[in-house]
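Welcome, and please load the model in your viewer. Keep the selection box handy, since each stop begins with something to pick.

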Amino acid sequence: MSRLITRRRFLIGSTLTASALGLSGCDALVESDRTKSVLKVAEGFSMKAQRLLLGDKALAREFSEADLSPVFRSNGTSMPDNPQYLDWMSRQFSTWRLDVGGLVEKPSQFSLAQLKTMPSRTQITRHDCVEGWSAIGKWTGLPLGALLQSVGLKPQARYIVFHCADEYEKTLDGTGWYYESIDLVDAFHPQTILAYSMNGRDLEVAHGAPLRLRVERQLGYKQAKYLTRIEAVAGLGQIYGGNGGFWEDRGYEWYAGI
């Protein structure tokens, strides 16, 4: 069993094609149609292989507090500049609300205080960035699956989309807002949480305050920060660029399993 493919080997395998083509960081774009088709094939293989060999419920490795990284870099946006977010921040996020809608039975809004009263999970895990760095952090938050059960998914729901408060790229058509998505397998995975605490303290702005996604079996760009809305959908084709995420619309793989 010790020779089974590890998470680190999955990380290397899932990003090998992208690295060979010059994806040196989260600002690199993949332009050619041929490159995109190759990445799609690699992505499908990575997802099927990981779930076949490790199973849908296999856990990412968890660490002890002694393993916490002394420095945990901020990836992506470190300070959203939209006025609504700045107003929430000035009020210590007391007026912020998480909208949960789409294909759900009970569309709802939740304050940060409400989320903190719900059953929580704490986990110490490694964050692997596509840029090549890793760090270990302690996260506390609400299991996403429990929140989805509380609002009730409709039968047509297949994906969960996360909308964010950071406009990562200024565009005329509004497609520069950060967003991400996962399927229901990852949505109901026990380590997929909506985190409001890092290393025993409320999230700092640079790390996604007041709420961010942690989907521990995938790469860092899937860990959407500054969450404002969660949407259950039947398909991804009609959302922004149609590929399931900000970076995916720019050539990255939708499934970033490690």
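## A tour in selections

Start with Trp-247, which is buried at a relative accessibility of 4%. Bear in mind throughout that this is a predicted model.

**Stop 1: around Trp-247**

Add Phe-246 to the selection; this residue is buried too, because its relative accessibility is 1% and the cut-off for buried is under 20%. Now select the wider group: Tyr-168, Tyr-178, Tyr-221, Phe-246, Trp-247 and Tyr-252 make up one aromatic cluster. Before leaving, show Arg-250, whose charged end sits over the ring of Phe-246 at 3.7 Å from the ring centre.

**Stop 2: a pair across the chain**

How many aromatic pairs are there by this rule? The count is 13. One to look at is Tyr-179 with Tyr-240, a tilted pair with 4.8 Å from centre to centre and 35° between the planes. This pair links distant parts of the chain: Tyr-179 belongs to strand E6 (residues 177-183), Tyr-240 to the segment after E10, and they are 61 residues apart. Colour by accessibility here: Tyr-179 is buried at 1%, whereas Tyr-240 is partly exposed at 34%. For another geometry, go back to Phe-246 and Trp-247: their ring centres are 5.1 Å apart and their planes stand at 90°, so this pair is edge-to-face.

**Stop 3: the cavities**

Next, switch on a cavity display. Rolling a probe the size of a water molecule over the atoms shows where empty space is left. In this model there are 2 cavities of 30 Å³ or more, and the largest one holds about 150 Å³ of space. Which residues lie nearest the centre of the largest cavity? Select Asn-75, Gly-76, Thr-77, Tyr-178 and Lys-225 to see them; they belong to a lining of 14 residues. By class, that lining has 7 nonpolar, 5 polar and 2 charged residues. Tyr-178 may look familiar, as this residue is also part of the aromatic cluster from the opening stop.

**Stop 4: Thr-228 and its contacts**

Select Thr-228 in strand E10 (residues 227-233). Is Thr-228 buried or exposed? With a relative accessible area of 16%, Thr-228 is buried, because the cut-off is under 20%. Show what surrounds this residue: setting aside neighbours within four places in sequence, Thr-228 contacts Trp-88, Trp-96, Arg-97, Leu-98, Asp-99, His-163, Cys-164 and Ala-165.

**Stop 5: backbone details**

Turn to the backbone for a moment. Most residues other than glycine have a negative phi, and most peptide bonds are trans. Select Tyr-226, in the loop between E9 and E10, where phi is near 55°, a positive value. Gln-92 also has a phi near 55° and sits in the loop between helix H3 (83-90) and strand E1 (97-102). The surroundings contrast: Tyr-226 is buried at 1%, while Gln-92 is exposed at 63%. Then pick Ala-209 and Pro-210, which are joined by a cis peptide bond with omega near 5°. Pro-210 lies in the loop between strand E8 (201-202) and strand E9 (212-215).

**Stop 6: Val-185**

Finish at Val-185 in helix H6 (residues 184-187), a residue that is partly exposed with a relative accessible area of 26%. Draw a C-alpha to C-alpha distance from Val-185 to Arg-158: the two are 9.4 Å apart in space and 27 residues apart in sequence.

Definitions and conventions: Residues are numbered from 1 along each chain as its sequence is written. This is a predicted model: local features need pLDDT of at least 70, side-chain atom pairs count only at pLDDT 80 or more; totals for chains, interfaces and linings use all residues. Side-chain values use heavy atoms; hydrogens and water are left out. Helices (H or I, at least four residues) and strands (E, at least two) are DSSP runs, numbered from the N terminus. Buried means under 20% relative accessible area, exposed over 50%, partly exposed in between (1.4 Å probe, protein chains only). Contact means heavy atoms within 4.5 Å. Rings of Phe, Tyr and Trp (its six-membered ring) pair if their centres lie within 6.5 Å; planes under 30 degrees apart count as stacked, over 60 as edge-to-face and the rest as tilted. A charge sits over a ring if NZ of Lys or CZ of Arg is within 6 Å of the ring centre and within 35 degrees of the ring normal. On a 1 Å grid over the protein atoms alone, a cavity is a set of points where a 1.4 Å probe fits but cannot get out, and a pocket is an open set with protein on both sides within 12 Å along at least five of seven lines; lining residues have an atom within 4 Å of a point. Grid points are joined across faces, edges and corners, and a volume is the space filled by probe spheres set on the points. Ala, Val, Leu, Ile, Met, Phe, Trp, Tyr, Cys and Pro count as nonpolar, Asp, Glu, Lys and Arg as charged, and the others, Gly among them, as polar.
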